[in-house]
Amino acid sequence: MKSIDYDLVIIGGGPAGLTAGLYAARARLNILLIEKLVPGGQIISTDWIENYPGFPDGISGVDLVGKMTEQVKRFDLNIESGEVLSLDLSGPVKEVRLDGKTIAARAVIIASGASPRKLGVPGEDTFYGKGVSFCATCDGPFYRGQKVAAVGGGDTAVQESIFLTKFAEKVYLIHRRDELRASMILQERAFANDKIELVWDSVVTSINGKSDGVENVDLKNVKTGETKTLPVDGCFIWTGIAPNNQFVGDSLKLDEYGFVITDSKMETSVPGVFAAGDVRTTPLRQVITAAGDAAIAAVSAEHYIESLK
Ligand SMILES: Cc1cc2nc3c(=O)[nH]c(=O)nc-3n(C[C@H](O)[C@H](O)[C@H](O)COP(=O)(O)OP(=O)(O)OC[C@H]3O[C@@H](n4cnc5c(N)ncnc54)[C@H](O)[C@@H]3O)c2cc1C
């Protein structure tokens with residue numbers, strides 16, 4: 001039997017990882033949380049969160065992360081900086097591999113979240129950081145008095161487009177369908193905002209510019225086939241997310257989009273390996289659901305570890 005470094009390794013320090021850490025630390029498990037960037041995950045790049053309970057006036061993503069991090073520190077959660085590159089889940093001892101080191105654990109919680117899905121059109125990579133962005137909080141202030149394109153139709157696209165109107169003179173919200181998927185309250189706010197212009201039934205086919213930045217985007221109407229060029233200074237993309245789980249390989253069952261499949265206890269297809277938050281197959285990807293999943297995953301991991309004794 002290989003020697004064990006930790007009862008539980010948590011991969012990722014977003015809302016799911018920090019919540020799993022909180023529950024597992026309070027259960028007095030010997031835990032390590034591994035985060036490749038800084039704790040916080042996607043909410044670091046979120047301007048304002050008004051649907052997380054307990055904050056009647058809403059809270060900024062950065063402040064919410066600050067509070068979550070402060071809370072886990074009270075329980076001495078051990079957080080290590082590093083990127084998980086692969087897993088060996090074939091034996092009873094789970095191996096978590098980082099660059100130059102392997103950590104052995106009785107159980108693992110995968111809370112590595114998700115990243116924005118790219119459009120896959122010409123110019124998207126060329127102009128990334130020079131007009132193409134996935135983060136209004138980070139880059140919105142650069143577009144004061146300018147015109148920007150925003151691509152998407154869900155909650156994130158609409159909420160972030162509204163935020164962009166604090167800076168931009170015009171936000172063209174480009175959506176491939178003739179109605180938005182976003183919640184009604186966000187739709188009402190977007191329709192009432194005269195800086196937002198909806199471009200229905202359209203997709204971006206190319207993002208164009210010169211070396212110093214974006215100058216326009218090419219659009220195609222998916223119903224009529226009509227094409228046009230829209231002059232803009234930037235292009236924000238919010239068309240969904242893809243799971244951050246390349247390190248899983250084929251060791252776990254994934255759904256058709258690559259998200260990790262779990263049961264109601266957040267256990268994956270491998271006993272002792274759990275998943276929580278945006279990385280797993282779930283009908284809703286939000287801070288509250290990530291935290292809820294993670295609480296279940298941590299308690300399930302605790303029961304699993306107990307069952308080994
Ligand atoms: C612009 C935007 C606005 C949003 N607005 C809202 C909102 O208003 N309300 C709401 O409830 N939700 C909102 N969300 C969604 C919310 O942020 C996510 O649902 C939530 O952050 C998911 O938490 P998570 O912990 O599962 O994943 P993430 O937040 O994605 O965190 C995963 C963490 O794992 C780390 N990680 C990834 N791979 C590895 C690896 N190999 N090794 C080590 N660490 C790794 C990442 O660096 C990251 O810190 C928004 C998201 C975005 C992008």
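The expected span of a helix is 1.5 Å times one less than its number of residues. Keep that rule in mind for the second view of this predicted model.

**Figure 1. The whole protein, with six helices and 17 strands.**
Let's start with the full chain before zooming in. How many residues does the protein have, and what radius of gyration goes with them? The protein has 309 residues and a radius of gyration of 21 Å, which agrees with the value near 19 Å for a compact globule. Its C-alpha trace spans about 65 × 40 × 35 Å along the principal axes. Buried residues account for 52% of the 309. Among contacts with a separation of 6 or more, 59% join residues 24 or more positions apart. The accessible surface is about 15,000 Å², and carbon and sulfur atoms hold 50% of it.

**Figure 2. Helix H6, residues 287–308.**
Here the opening rule comes into use. With 22 residues at 1.5 Å a residue, H6 should span 32 Å, and its end C-alpha atoms are 32 Å apart, so the two values agree. Which residues of H6 are buried? They are Val287, Ala290, Ala291, Asp293, Ala294, Ala295, Ala297, Ala298, Ser300, Ala301, Tyr304 and Ile305. As you look along the list, it helps to know that an α-helix has 3.6 residues a turn, so residues three or four places apart point the same way. The buried residues of H6 pack against several elements, including strand S1 (6–11), helix H1 (15–26) and strand S17 (273–275). Helix H2 and strands S5 (94–98) and S6 (101–110) are also among their packing partners.

**Figure 3. A nonpolar surface patch around Ile44.**
Leu37, Val38, Ile44 and Val62 together make a nonpolar patch of about 360 Å² on the surface. To find Ile44, look in the loop between strand S2 (31–35) and helix H2 (61–74). Ile44 counts as partly exposed because its relative accessibility is 31%.

**Figure 4. The salt bridge between Glu50 and Arg189.**
The whole structure holds 13 salt bridges, and this view shows the one where the side chains of Glu50 and Arg189 meet, at 2.8 Å from N to O. Glu50 lies in the loop between S2 and H2 and Arg189 in helix H5 (residues 184–192), so the pair ties together parts that are 139 residues apart in sequence. Glu50 is partly exposed, with a relative accessible area of 40%. Arg189 counts as partly exposed too, at 36% relative accessibility.

**Figure 5. The salt bridge between Glu80 and Lys101.**
In this pair, the closest N and O atoms are 2.8 Å apart. Because Glu80 lies in strand S3 (residues 79–81) and Lys101 in strand S6, the bridge ties together parts that are 21 residues apart in sequence. Glu80 is partly exposed at 21% relative accessibility, and Lys101 is partly exposed at 38%.

**Figure 6. The salt bridge between Glu197 and Lys170.**
The closest N and O atoms of Glu197 and Lys170 are 3.3 Å apart. The pair links distant parts of the chain, with Glu197 in strand S11 (residues 196–199) and Lys170 in strand S10 (residues 170–174), 27 residues apart. Is Lys170 buried or exposed? Lys170 is buried, because its relative accessible area is 18% and buried means under 20%. Its partner Glu197 is partly exposed, with a relative accessible area of 36%.

**Figure 7. A network of salt bridges.**
Our last view goes beyond a pair: Asp88, Glu95 and Arg97 are linked in a network of salt bridges.

How values were computed:
Residues numbered from 1 in each chain as written. Predicted model: local features only at pLDDT ≥ 70, side-chain atom pairs only at ≥ 80, totals over all residues. Heavy atoms only, no water. Patch = residues over 30% accessible without salt bridge, like charges linked within 9 Å, V, L, I, M, F, W, Y side chains within 5 Å. Areas by Shrake-Rupley, 256 points an atom, 1.4 Å probe, with all protein chains shown as cover. Salt bridge = Lys/Arg side-chain N within 4 Å of Asp/Glu carboxyl O. Helix = DSSP H or I, 4+ residues; strand = E, 2+ residues; numbered from the N terminus. Buried < 20%, exposed > 50% of the residue type's maximum accessible area, 1.4 Å probe, protein only. Rg over C-alpha atoms; globule rule 2.2 N^0.38 Å. Contact = heavy atoms within 4.5 Å.
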